[in-house]
Structure formats: C-alpha cells, structure tokens
Amino acid sequence: MEAVAPGRGDGDAGGRDGEAGPASPAQPVTTWRTAWLASLRPKQWPKNLLLFAGLIFAAQLGDATRWLEALAAFAAYCLASSAAYLVNDVRDAEHDRAHPVKRRRPIASGEVSERTALGLAAVLAAAAFALAGALGPWSALFLAGFLALQAAYSLGLKHLVLIDVMAIGGLFVLRAAAGAEAVDVRISPWLLVCTALLALFLGLAKRRGELVLVGAEETPGRPVLEGYSLALVDQLVSVVAASTISAYALYTFTARPSKAMMATIPFVLFGVFRYLYLVHQRDLGEEPELVLLGDRQIQLCVAAWAVTSAIILLTT
C-alpha cells in the first residue's frame, strides 16, 4: 500500500550510467516536492471518503453547511492518515529496504530523512486536530481514537495474527462514525457493520496476495504472514465475503422505511464476486487501492451502485 516516488533512479543525478549530466535548477525542487508528496501516500486518501457516508445515507445532500463540515472532516483524516503513514514508514524503513517495491518509498530510499518525516508527521497531526476540534469535542475524540489505533497498529498490532486485519476494520469503522458525528446525523448500525466486514474482506484479501508473492519468492513478506496460510485465509475470505453481502442486504431491508435500497444488492454481489475473481484467478489483492482503481468492471459497478443509491435516497 504504497505510493512510489518517481524521480531518482539508483542514485542518478541527471546523467546515464552514473554520469552527472546537466540538470536544470528546478529539478532538485521538483524531486524534493515529489518525494515529500509521495511520503504522504495520497493514494490512500480515498479511504477517507467513507467520512461522507453518514451525510449521504442520511439523505442530507442539499445541506451546504453539512457538506462543509464533511469536507473539513475528510481533510482532517487525510492529514491524520498521512501522519500515521510517515511514522509507520520510519519504523518499517529497514524492513522496507529489503522489499522489491517498498524500498522505493521516500523514507526507505533516503529521499526523505526519518527526522524530517517525524517532524512533518507532528505538524500534520496538529493540523488534523485543529480541524477536528473546530467540528466539536466529539470529533476531536474520534480523531484521537483513530490516531491511537493507528499508533497501536504500527507499534505491535500489525504483528498479531487476525488482530492485524481486525484493527484495520476498526479504523474504517472509526472513519464512518466520525463522518456522521462531524455532520451531526445518525448513522445506521448496519452500515457500520457493513463497513467493518468490507474492511476485513479487503484486509484478508491483501494478506492472501502477500502470501502468494511470498510463496513465489517475489517478496520477503511481513512477519505476521508466518501465522497465516493460504488455506486459512481463503476460508476467512469466503466467510467474510458472505457476511458482508448478508449484512448489506439486512441494511437495505431495515435502514429506511422504503425497501427500494434492495435494488442495489446486485451491485454489491457483483462487486464482491468480481474482487474474489481477481484475487483467486489473477492473484491480485496485495494492493487493494490499485485493484479498486484499476479494474474497469469494479469501477462501473461502484458507479452504478452510487447512482442508483443516490436516486433512491433522494426520491424515497
């Protein structure tokens, strides 16, 4: 789950085969900015779109004030997420240098120093708390819980079998609950359950993808993978996939007086089935964001689900 920083390659300074070729004065600035931006992992920010779930499913789409509050919450969690990734990458820098892809992360490659990364993380966390605090004390408390769980994950939970993916699920639930609190709307408990299960599904599929690469000796793998096996993960993925679909179906039955949201169940079914196909038939899943953003059929499915849901929520 990384954003690879383009720019330098094997110590090149603008020439070929180690020669120091001429470089424009703007080149170092561009490289510096690119490395810093990549270290924030902006490709992970779409996860924070979950903060809009409460606003959308409460059918408050016409309330401009609530949209501004949701945008502020989204910005706060993007800043907080980047701060957590910086700290995590500093802790994992030595291990990442042995990984064929992660070694290109700005901190592991040395493009961003560990001291600079920790300083930037502190600034981002402070800015996130400033935004959350402006939304109210409960929003600040949710953000504190989010960062505490992120820190616990980086410091040890990610090394505990099953607890690692459950912690990831907890982070997504906190996002959904924080988004509802920021705009002062009630969020369905079923939606929180669906969020947790979907996060578990993606997390377990990621572990499966990592196991496949480790088995092919393409990556050294993270230590927690020693406690997993393909057979175990496949069983868990199947259980969680079925649970996700069931929970979403129950949500559509009970969340609103109208049962029209049942019309969106086929999109969820296809989305889960398509992701399972990609995981099992193409050994994808190690990078969930790349699968979700790179597969045209999943993109079309999500778009169709979003449009259908919006029509139903606005008309019923």
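1. Arg208 is a buried residue in this predicted model, since its relative accessible area is 8%, and a residue counts as buried when that value is under 20%. Its side chain is nevertheless paired, for Arg208 forms a salt bridge with Asp234 in which the closest N and O atoms are 2.5 Å apart. The two partners belong to distant parts of the chain, with Arg208 in helix 9 and Asp234 in helix 10, 26 residues apart. Asp234 counts as partly exposed, at 22% relative accessibility, whereas Arg208 is buried. As general background, side chains of opposite charge can pair when their charged atoms come close.

2. Arg207 deserves a paragraph of its own, and a student may ask which residues it pairs with through salt bridges. One partner is Asp164, where the N to O distance is 2.8 Å; because Asp164 lies in helix 8 and Arg207 in helix 9, this pair ties together parts of the chain that are 43 residues apart in sequence. The other partner described here is Glu210, with the closest N and O atoms 3.3 Å from each other, and in this case both residues lie in helix 9, three residues apart, which is about one turn of the helix.

3. The surroundings of these charged residues can be read from their accessibility. Asp164 has a relative accessibility of 0% and counts as buried, Arg207 is buried with a relative accessible area of 1%, and Glu210 is also buried, at 5%. Together with Lys206, the residues Asp164, Arg207 and Glu210 are linked in a network of salt bridges. The structure holds six salt bridges.

4. For the overall picture, the secondary structure consists of 13 helices and zero strands, so that a student following the elements from the N terminus on will meet an α element at every step. Of the 316 residues, 45% count as buried. Among contacts between residues at least 6 apart in sequence, 69% join residues that are at least 24 apart.

5. The largest nonpolar core has 44 residues, and those with the most contacts inside it are Phe57, Phe201, Tyr248, Tyr251, Met261, Val272 and Tyr275. At least two residues of this core come from each of helix 2 (53-57), helix 8 (163-182), helix 9, helix 10, helix 11 (265-281) and helix 13 (296-315). There is also a second, separate core of 14 residues, which includes Ala76, Leu174, Ala178 and Ala182. In soluble globular proteins, nonpolar side chains tend to be buried together.

6. Tyr251 is a useful residue to select when looking at the largest core, as one of the residues with the most contacts inside it. Leaving out residues up to four places away in sequence, Tyr251 touches Phe57, Ser188, Trp190, Leu191, Cys194 and Met261. Two names in that list, Phe57 and Met261, are themselves among the residues with the most contacts inside the core.

7. How many disulfides does a search of the whole structure find? The search finds zero. Two cysteines can be looked at individually: Cys194 is buried, with a relative accessible area of 8%, and Cys301 also counts as buried, at 9% relative accessibility. For readers new to the term, a disulfide is a covalent bond between the sulfur atoms of two cysteines.

8. Turning to the outside, the accessible surface of the protein comes to about 15,500 Å², of which 65% belongs to carbon and sulfur atoms. A nonpolar surface patch of about 390 Å² is made by Trp190, Val193, Leu250, Phe253 and Met262, and helix 9 (189-215) and helix 10 (230-254) each supply at least two of its residues. Val193, which lies in helix 9, is partly exposed, with a relative accessible area of 36%. Trp190 links this point to the previous discussion of Tyr251, for Trp190 belongs to the patch and is also touched by Tyr251.

9. A last residue to examine is Asn88, found in helix 3 (residues 64-91). Is Asn88 buried or exposed? At 11% relative accessibility, Asn88 counts as buried. When neighbours within four places in sequence are left aside, Asn88 is in contact with Arg41, Ser154 and Lys158.

Conventions:
Residues numbered from 1 in each chain as written. Predicted model: local features only at pLDDT ≥ 70, side-chain atom pairs only at ≥ 80, totals over all residues. Heavy atoms only, no water. Patch = residues over 30% accessible without salt bridge, like charges linked within 9 Å, V, L, I, M, F, W, Y side chains within 5 Å. Areas by Shrake-Rupley, 256 points an atom, 1.4 Å probe, with all protein chains shown as cover. Salt bridge = Lys/Arg side-chain N within 4 Å of Asp/Glu carboxyl O. Helix = DSSP H or I, 4+ residues; strand = E, 2+ residues; numbered from the N terminus. Buried < 20%, exposed > 50% of the residue type's maximum accessible area, 1.4 Å probe, protein only. Contact = heavy atoms within 4.5 Å. Core = buried A, V, L, I, M, F, W, Y, C linked by side-chain atoms within 4.5 Å. Disulfide = S-S within 2.5 Å.
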